[in-house]
Amino acid sequence: MNKKIAKWLQGELPLWKEKGWLSEAGQTQLEASYNMEKPASGPSLTRIAVLLLGAVLIGLGIFLLFAGYWYSFSPNGRFDWTITLVVASLVILGLAIWRCEPGKRWAEGATIFYMLALGGSTFLMADTYYTGESYGLYLLIVLIASLPAIYVLRSSLGMIGYLLGAILWCFAPYSLDITLNVMAVWLLILGALPFYMVAVKHSSSYSMLVWLSWAYVAAIFSAFFLTIESNRAGLELYFVATLAVSTYAIGTLMRDKGLWTLPFRTMGSIGLLYVVIQGTLLHTWNISIQDALNGLALTMAILLGAVCAYFLGKLVMKREWVAAVMTLTPFIVGFGLLLANSGAMPLVVSIVFDAFVLLTAFILFLRGTMDKRVGYVNGAILAVLALILARFFDPGFTFFERGISFISIGILVIVVNIIYMWSKSNNKLGKAHEERKARRQAFRQSLREQYGESQNDTFTNQKTLSNDSDQGGLL
């Protein structure tokens, strides 16, 4: 049970017992059923936050003192201070492994301190001896050395920091060969996968699981972008579309699992907006014609298309029709690539893609209006806005062509809004008519009941009088 709900229930039980709604045995059973523990004595979260703020200020003060005198030390002196920092972090880490329960606050704090101390000492060592390497290599060393401590102490905060470091690695200066860079980031993400799977099933903090999901999905997207931008296979937009669709489908299929699936749907939607913006540009289809396709890229495209087809089947079986339509995006992009490589004009390919986007936006808007789902309505609006902004900055269009595009989209937006307002007005009128009809029926029913009772009373009185008269006649 959620801690806030459990705390509320624990505060309500004495009141329920006082009013007679709950017996002693019932209270005991509720406490045992929901495993409500007595509040532990100790500092509150506010007090801990204040103490943590004081510790951070002290740490920043020490850092500034050392920063002011750092270059006054000799290289050997800097090395000694760096080793002292590493030893202190190892001592604190060892004490946490020995005395702290994994996954708790002290374990989280020890892991974070170890990662910061390890990162600071590594960069200080590089600054002292001028190795000449980029900071990307030092970041990789820190992440690899931090992973065992994260697993041993089951630190969710440490894993979030680890995944943020993996995202930073994707944008770091290339210290290795480009192929090794791509392999390294995927190995970092795979190294976090067991931790994430265990956290999904056994996490004690739901909010921490949500943040962990955000970090993991963002790391996957960053690694994917690094991979496709490094290879330049000519199918970049298709690959991004498959990743976005797969991520969104996973979040949709597991929506009932909890709020931690929200990052999958959000990141998938952001990826789809990127595809919409890039797909409507003429420059995108011109580039796709110039880039030569290789066998490995085509094989990956087929495999990823099979994955999208699998998710499409799952969504159709679950009757998630809107998500199923959105899952068709990679296939439309692939069809556009085939058209472009078959000699079709980029403008024709862009029009085909825009028609699909507008159709999807209309379905989103219609379903969101019918089911009262604001997310679908906002998604439709964002898709149309993405088309408009992309068309405004597309250098492949003249001002006249941009003006015609804006007028067409503006008319479409106005027509859709008129239909929406007309439908809303009809719904309100229909509801008002139904309410009036229900009130009339209730009023008539009450009249029938009152009239029926009065008729029954009259009939009873008449029957009594007739019986009395009969008896009087006999006497």
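In what follows, Ala, Val, Leu, Ile, Met, Phe, Trp, Tyr, Cys and Pro count as nonpolar, Asp, Glu, Lys and Arg as charged, and the others, Gly among them, as polar. The structure on the screen is a predicted model, and the tour begins with one of its pockets.

Select Trp 186, Ile 220, Phe 224, Leu 243 and Leu 304, which are the closest to the centre of the second largest pocket among the 30 residues that line this pocket. The space here comes to about 800 Å³. Next, colour the helices α8 (178-202), α9 (206-231), α10 (236-253) and α13 (295-317), since these are the elements that give two or more residues to the lining; α10 gives the most, with seven residues. Sorted by class, the lining holds 22 nonpolar, six polar and two charged residues.

Stay with helix α8 and select Phe 195, then add Tyr 151 from helix α6 (residues 135-153), a partner that lies 44 residues away in the chain. The ring centres of Tyr 151 and Phe 195 are 5.8 Å apart and the planes stand at 90°, so the pair is edge-to-face, and a search of the whole structure finds four aromatic pairs. Which of the two residues is buried, and which is partly exposed? Phe 195 is buried, because its relative accessible area of 8% falls under the 20% cut-off, whereas Tyr 151, at 30% relative accessibility, counts as partly exposed.

For the last stop, select Trp 98 together with Arg 99, where the charged end of Arg 99 sits over the ring of Trp 98, at 5.3 Å from the centre of that ring.

Definitions and conventions:
Residues are numbered from 1 along each chain as its sequence is written. This is a predicted model: local features need pLDDT of at least 70, side-chain atom pairs count only at pLDDT 80 or more; totals for chains, interfaces and linings use all residues. Side-chain values use heavy atoms; hydrogens and water are left out. On a 1 Å grid over the protein atoms alone, a cavity is a set of points where a 1.4 Å probe fits but cannot get out, and a pocket is an open set with protein on both sides within 12 Å along at least five of seven lines; lining residues have an atom within 4 Å of a point. Grid points are joined across faces, edges and corners, and a volume is the space filled by probe spheres set on the points. Helices (H or I, at least four residues) and strands (E, at least two) are DSSP runs, numbered from the N terminus. Rings of Phe, Tyr and Trp (its six-membered ring) pair if their centres lie within 6.5 Å; planes under 30 degrees apart count as stacked, over 60 as edge-to-face and the rest as tilted. Buried means under 20% relative accessible area, exposed over 50%, partly exposed in between (1.4 Å probe, protein chains only). A charge sits over a ring if NZ of Lys or CZ of Arg is within 6 Å of the ring centre and within 35 degrees of the ring normal.
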